[in-house]
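Let's take a walk through this protein together, starting from a single side chain and working outwards. Have the viewer open and follow along.

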Amino acid sequence: IVKKAVIAKLLSADPSRNFRQDSQGWLQEDARAGIYGIEVSIQKDRVTISLDTSGDALHRRGYRTGVLENGAPLKETLAASMLLLSQWTPDRPLLDPFCGSGTILLEAALMAHKIAPGLRRSFAAEDWPLICDRQDWERLRTEAEKRVIATPPGLQIFGADVDRLAVEMTYQHLQAAGLENAVQLSVSDIHRLPPPPGEYGCVVTNPPYGERLGGAATANEGIGGLMAQLQENDWSLFALSGDATFEEQVGRMSTKRRKLYNGKLPCQFFQYFGATPRRERRRDVPDRESATTTKTGSDSNVEGVAGDWNCPKCKTLVFGSKEACFQCGYAKRND
């Protein structure tokens, strides 16, 4: 119906134009001019008609070759959002112990290599000469390719899953993206997964819950055991779960929670902040002369800047911009 209405409008809008028509009076289509997909959205009494410039949905990057049976893969955009909301940066180790088909790992590898999300896919509008010349698309792709980092220094990304088929599919997706050497994979149950090497790492994961795979309680308990081992190396945990008892099963209250939607399913993004590596001082913070030296333990000195405060509960040095201790959760306002 919409297509016929659009054609009728085109034919009546400019009678002077010589549109090619078939024997029944309909407009003849010319694929050389591009295929224009039309989207129709109806909300209550409002109808929106738009052109689909993307083709495949924008969350698709072009590397996903399959979906696990009975699996519930994250959308690539949600996985990327989880990484951006976490403390992870490419110079810190990353682990996903429930990697499934590898979406979180793939998004992390793309970020580390500075590969633009749409670089490995095509868009419907590329075939629309009336909108944009194909040379412009090629120029933008060339510019994006120049930003790619072939071998990010010190990159450590680890993935594991108890399902061998899941790990094999993750590897296939890594190959499709040209990133098979960026991630170290293993088939392992979380209760037997050896802690990965490195300090200040991040566990970013989407453990089983709801209708997905089952065994949520066991998985969450495994996360708690793993984090107990990683805590001494100052690792952080960021987990998306729809399980209301997640914190109870992990054995720790989260530092912060954020509501996210996995499709139509409301979830909580549980954030457990560990220590972060000390980075080079920015120019806009006080220099060494204005810094203060503060005790954070019986025999350790950590240099802080004016405004930093000591947690009276666990004696951890906390940045002045933070209202709560990242180690024990003590709130500064309690003072």
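Is Phe 238 buried or exposed? Phe 238 is buried, with a relative accessible area of 0% in this predicted model. Its partner Phe 269 is buried as well, also at 0%.

These two belong to the structure's aromatic pairs, of which there are five. The ring centres of Phe 238 and Phe 269 are 6.2 Å apart and the planes meet at 25 degrees, so the pair counts as stacked. Because Phe 238 sits in strand S7 and Phe 269 in strand S9, the pair ties together parts that are 31 residues apart in sequence. Ring pairs also bring in Phe 273, giving a cluster with Phe 238 and Phe 269.

Now let's turn to the nonpolar core. The largest one has 35 residues, and those touching the most other members are Met 82, Trp 88, Leu 94, Ile 157, Leu 179, Val 204 and Leu 240. Two or more residues come from each of helices H2 and H3 and strands S6, S7 and S9. Helix H3 gives the most, with seven residues. Looking beyond sequence neighbours within four places, you will find Val 204 in contact with Met 82, Leu 94, Ile 104 and Phe 238, among others. A further core of 19 residues lies apart from this one, and includes Leu 95, Ala 160, Leu 193 and Ile 223.

Finally, visit a charged residue. Asp 52, in strand S2, is buried but has no salt bridge. The nearest side chain of opposite charge is Arg 121, 7.3 Å away. Instead, look to the backbone nitrogen of Gly 55, which the Asp 52 side chain reaches at 3.2 Å. Outside its neighbours within four places in sequence, Asp 52 is in contact with Gly 37, Glu 39, Ala 124 and Trp 128.

How values were computed
Residues are numbered from 1 along each chain as its sequence is written. This is a predicted model: local features need pLDDT of at least 70, side-chain atom pairs count only at pLDDT 80 or more; totals for chains, interfaces and linings use all residues. Side-chain values use heavy atoms; hydrogens and water are left out. A nonpolar core is a set of buried Ala, Val, Leu, Ile, Met, Phe, Trp, Tyr and Cys residues joined through side-chain atoms within 4.5 Å. Buried means under 20% relative accessible area, exposed over 50%, partly exposed in between (1.4 Å probe, protein chains only). Helices (H or I, at least four residues) and strands (E, at least two) are DSSP runs, numbered from the N terminus. Contact means heavy atoms within 4.5 Å. Lys and Arg count as positive and Asp and Glu as negative; His and the chain ends are not counted. A salt bridge is a side-chain nitrogen of Lys or Arg within 4 Å of a carboxyl oxygen of Asp or Glu. A polar contact is a pair of N or O atoms within 3.5 Å; within protein, one must be able to donate a hydrogen and the other to accept it, and residues adjacent in sequence count only if both atoms are side-chain atoms. Rings of Phe, Tyr and Trp (its six-membered ring) pair if their centres lie within 6.5 Å; planes under 30 degrees apart count as stacked, over 60 as edge-to-face and the rest as tilted.
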